[in-house]
Amino acid sequence: MTPSILGCAELYGRLRYVTNHAGAQRRTHPPAGTSTASAFDDHDPLGLHGHVLQGLGATPEYLDGFTGASAGYPAFGFRLTEKAARLAQLSEEFEASWTWGDAIRAAASLAHQIDNTEDDQALGDMALLAVARHVGRQHPPEMTPLTGWSPPDTPLFLDGYPATLFGHVAADLRVDAVTATCTRETRAITLFRSLGWRLTPRAEALADAVQHYEAKGLRWPDAIAAAAKTDVTHLERHNWDR
């Protein structure tokens, strides 16, 4: 069943998935005489959202005649939440002159001014893994657990700041850091649940696997790579999962 509502966190994760593969420094060059990029050009993804739509299963033939995110997502059956629509609109505008990474960062910051709905806090394993990989690339590759701290016993947030790998993932997804600190949660999926997030079973398994490998002392990139190989085929595949 094709999902009908696309929330902000899932869209953000899919935007990060695109830049993880295409590069955060990639730029879009709009066709002459336009201010935004078409989703497709000559049957190939052109702009940032063209790649996201392709990942959601859209084909060039289906989207012929539509340009940009504002038309592309609804045309393919995805109703964006108000917050997701804001993220799509701003990132599309910013990509006309900024790198994709900068466009997403700025758009996510501004979209965060809108309150979450329940659908804005839903995540599948693909988007969650993409955000984890993005976070891993934002830190030195030698990052490991903090000296003197054992990850299984370390809260994800200390004094309002992320203290573990998944603490940084949660922060990148813009959870309430003050509330997260007060929970003193050490397990990522327990923290997300306590804050009203809905992760699919496969996404929860992925989060547990990342924390497991981090606790074994693996560098963050290695912990994420090992977790990505976790067999989750015995768990039900939800709409947003790989």
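**Reading contacts and burial in a predicted model**

Mentor: Leaving out residues up to four places away in sequence, Thr19 touches Ala24, Trp100, Gly101 and Ile104. Please keep in mind from the start that this is a predicted model, and that Thr19 has its place in helix α1.

Trainee: Is Thr19 buried or exposed, and how do I decide?

Mentor: The general idea is to look at the relative accessible area, where a value under 20% means buried and a value over 50% means exposed. Thr19 has a relative accessibility of 4%, and therefore it counts as buried.

Trainee: Which residue would show me the opposite case, being exposed?

Mentor: Take Arg79, which is found in strand β4, residues 79–80. Its relative accessible area is 52%, so Arg79 is exposed. Even so, Arg79 has contacts beyond its neighbours within four places in sequence, namely with Ser4, Ile5 and Leu6. Arg79 and Ser4 lie 75 residues apart along the chain, yet their C-alpha atoms are separated by 5.6 Å.

Trainee: Where does Leu110 stand on this scale?

Mentor: Leu110, which belongs to helix α6, residues 100–111, has a relative accessibility of 30% and so counts as partly exposed. Once residues up to four places away in sequence are set aside, Leu110 touches Leu90 and Phe94. From Leu110 to Arg86 the distance is 8.1 Å, C-alpha to C-alpha, although 24 residues separate them in sequence.

Trainee: What does the chain look like when I step back from single residues?

Mentor: The secondary structure comes to 12 helices and eight strands. Of the 242 residues in the chain, 49% are buried. If you take contacts between residues at least 6 apart in sequence, 68% of them join residues at least 24 apart.

Trainee: How do I describe the way two helices lie against each other, and at what angle do α1 and α5 cross?

Mentor: The general idea is to compare the directions of the two axes, and an angle under 35 degrees counts as roughly parallel. The axes of α1, residues 8–22, and α5, residues 82–94, come within 8 Å and cross at roughly 30°. That angle is why α1 is described as roughly parallel to α5. On the α1 side, the contact is made by Cys8, Leu11, Tyr12 and Leu15, while α5 contributes Lys83, Ala84, Leu87, Ala88 and Ser91. By character, the residues of this contact divide into seven nonpolar, one polar and one charged.

Trainee: Why might residues of one helix face a partner at regular intervals?

Mentor: An α-helix has 3.6 residues a turn, so residues three or four places apart point the same way.

Trainee: How far does a helix such as α7 reach, and how much of it is buried?

Mentor: Helix α7 has 13 residues and reaches 18 Å from its first C-alpha to its last, which is close to the 18 Å expected at 1.5 Å a residue. Because 11 of these 13 residues are buried, α7 is largely enclosed by the rest of the structure. The buried residues of α7 include Asp125, Met126, His134 and Gly136, and the buried residues pack against α1, β5, α8, β8, α11 and α12.

Trainee: What does His134 touch?

Mentor: His134, a residue of α7, is buried, with a relative accessible area of 9%. Apart from neighbours within four places in sequence, His134 is in contact with Tyr12, Arg16, Asn20 and Asp172. Tyr12 is also one of the α1 residues in the contact with α5.

Trainee: What does the same reading give for α11?

Mentor: Helix α11, residues 201–215, has 15 residues that should span 21 Å at 1.5 Å a residue, and its end C-alpha atoms are 21 Å apart, which agrees. Among its buried residues are Arg202, Glu204, Leu206 and Val210, and the buried residues of α11 pack against elements including α7, α8 and α12. After α11 comes Gly217, whose phi is positive, near 95°.

Trainee: How many aromatic pairs are there, and how should I read one?

Mentor: The general idea is to look at the ring centres, which must lie within 6.5 Å, and then at the angle between the planes. By this rule the count comes to four aromatic pairs. One of them joins Phe76 and Phe78, a tilted pair at 5.7 Å centre to centre with 35° between the planes. Both Phe76 and Phe78 are buried, and together with Trp240 they form one aromatic cluster.

Technical notes: Residues numbered from 1 in each chain as written. Predicted model: local features only at pLDDT ≥ 70, side-chain atom pairs only at ≥ 80, totals over all residues. Heavy atoms only, no water. Helix = DSSP H or I, 4+ residues; strand = E, 2+ residues; numbered from the N terminus. Buried < 20%, exposed > 50% of the residue type's maximum accessible area, 1.4 Å probe, protein only. Contact = heavy atoms within 4.5 Å. Axes fitted to C-alpha atoms, helices over the stretch in contact; angles between N-to-C directions. Parallel < 35°, antiparallel > 145°, perpendicular 65-115°, else oblique. Nonpolar A, V, L, I, M, F, W, Y, C, P; charged D, E, K, R; others polar. Phe/Tyr/Trp six-rings, centres within 6.5 Å; stacked < 30°, edge-to-face > 60°. Expected span 1.5 Å × (residues − 1).
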